[in-house]
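Student: I would like to take a close look at one part of this model, and to follow how its strands are put together. Could you walk me through that part slowly, one pairing at a time?

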Amino acid sequence: MEPVPIALAVAPSPAALTEKSQPTLVRGLVEILTRKGQRVLLAAPTGRAAKRLAEATGHEASTLHRLLEWNARTFAFDRNRERPLACDLLLVDEASMLDAPLAHQLLKAVPDGGRLVLVGDVDQLPAVGPGRVLGDLIASGRVEVVRLTEVFRQAERSLIVVNAHRIQAGRMPVSRPGGEGDYFFIERQAPEEILATVAQLVTRRIPARFGFDPAEQIQVLSPMNRGTLGTESLNALLRGLLNPPGQASREVARGGHLLRTGDKVMQVRNNYDLEVWNGDIGRVTGIDEVEQTLTVEIDGRRVDYDFAALDELTLAYACSIHKAQGSEYPCVVIPLHSQHFVMLQRNLLYTAVTRARSLAILVGDPKALELAVAKGRLRPRHTRLAERLGE
């Protein structure tokens, strides 16, 4: 099999979040190639990222697992060297989420003479799995790289964009005087004060001022799962405020895990049989005690879970920043405190802020914010991919 030509479009998310520079370029590339008769396939590591790619380009996009035709019986991909993808160009968005094993399977499925374009932001959090494929490909110097670094005049009006670039550079984010803009930092010291403020923002203040729906359009992002300001505590609080038990609601509990109709939930691992993927978010629409099933609407599609599989779902009024990678939300609220010390670092904060499409609000201790901005990558990943590509 011939080597696969690879091009990298490394686009910092801030440019894409306001003026849609990255999606515009991707859409233009796809339109030009399709008009020339090229067969183009679009994919992303997660379902939400694939949906965003489809919306941005106007063309069908799928998850990598679906594109490569994961076979649950053989635990292997049906697309491979013997049965490659039918395309002239494959474009993969959110490539920073690619780990080494998935990238290996992806490259095996690119046909002879095919081209691969990876679009991603190397400053975000690395893949959950092993490796740092995007960073290594760039560092190798063996592939063509295009960087989108210019902040255009329209984007300069967005503090999300401005502050994302400031965070990248190790500089403190700024707010506009008078409470204007799309980025805010609300200073609170004690964890209990931060928790109360987050609850007020989500349930009352943001909906009243900006008109965002608390459950559908506001996403709370926390650096950690445990602790007073972790996702578990935040979900319990926000569920109680946004979806309390009522006469019309139904509940199911298994192993201390309780879900209620109307709950906002997230899929926490890939389920190839149901075709739902890690990070997909939906709403519980039904619980059937007779059939022992729970129904979730995910991206307009009904998915039925057996009660035995409820451990695949978790509440999603708040989620970890790691789980949010590859997604974007109209509004994000981010609690920050020194109890998050272990996780506070620059790429985590950068990833959190750039999940916001229209509004980002940080609530917490200024010292915790300073610590996150000051700390670069503390745990480098030691791989030999860049070295081997350079040989």
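Tutor: Let us begin with a single pair of strands in this predicted model: β13 and strand β14, the latter made of residues 281-288, pair in the antiparallel sense over three bridges. One residue to look for here is V265, whose bridge partner in β14 is G282. As a general background, strands of a sheet pair through backbone hydrogen bonds, either parallel or antiparallel.

From β14 we can step on to strand β15, residues 293-298, which is joined to β14 by five bridges, with the two strands running antiparallel. If you look for R283 in the structure, you will find that its bridge partner in β15 is E297. β14 and β15 form a hairpin with four residues between the strands, and in this hairpin Q292 takes a positive phi near 60°.

Now return to β13, which covers residues 264-267, and look at its pairing with β17: three bridges join these two strands, and they run antiparallel. Here V265 appears again, since its bridge partner in β17 is L315, while in β14 the bridge partner of V265 is G282. It is worth finding V265 in the picture and tracing both of these pairings from there.

With these pairings in hand, the whole sheet can be read off: it is an open sheet of five strands, in the order β16-β15-β14-β13-β17, with antiparallel pairing. At the edges stand β16, residues 301-306, and β17, residues 313-315, and because each has a single partner strand, one side of each is left without a neighbour in the sheet. Neighbouring strands of this sheet are also turned against each other, by 45° on average when direction is ignored.

To set this part beside another, consider a second open sheet of five strands, which has the order β9-β20-β19-β10-β18 and parallel pairing. Its edge strands are β9 (183-187) and β18 (318-320), each of which pairs on one side only, and from one strand to the next the twist averages 25°. In this sheet β9 pairs with strand β20, residues 356-364, in the parallel sense over five bridges, and the bridge partner of F185 in β20 is L362. Helix α7, residues 159-168, packs on this sheet and touches β9 and β20, its direction making about 60° with that of β20.

Technical notes
Residues are numbered from 1 along each chain as its sequence is written. This is a predicted model: local features need pLDDT of at least 70, side-chain atom pairs count only at pLDDT 80 or more; totals for chains, interfaces and linings use all residues. Side-chain values use heavy atoms; hydrogens and water are left out. Two strands pair if DSSP finds at least two bridges between them. Axes are lines fitted to C-alpha atoms, for helices over the stretch in contact, and angles run from 0 to 180 degrees between N-to-C directions. Contact means heavy atoms within 4.5 Å.
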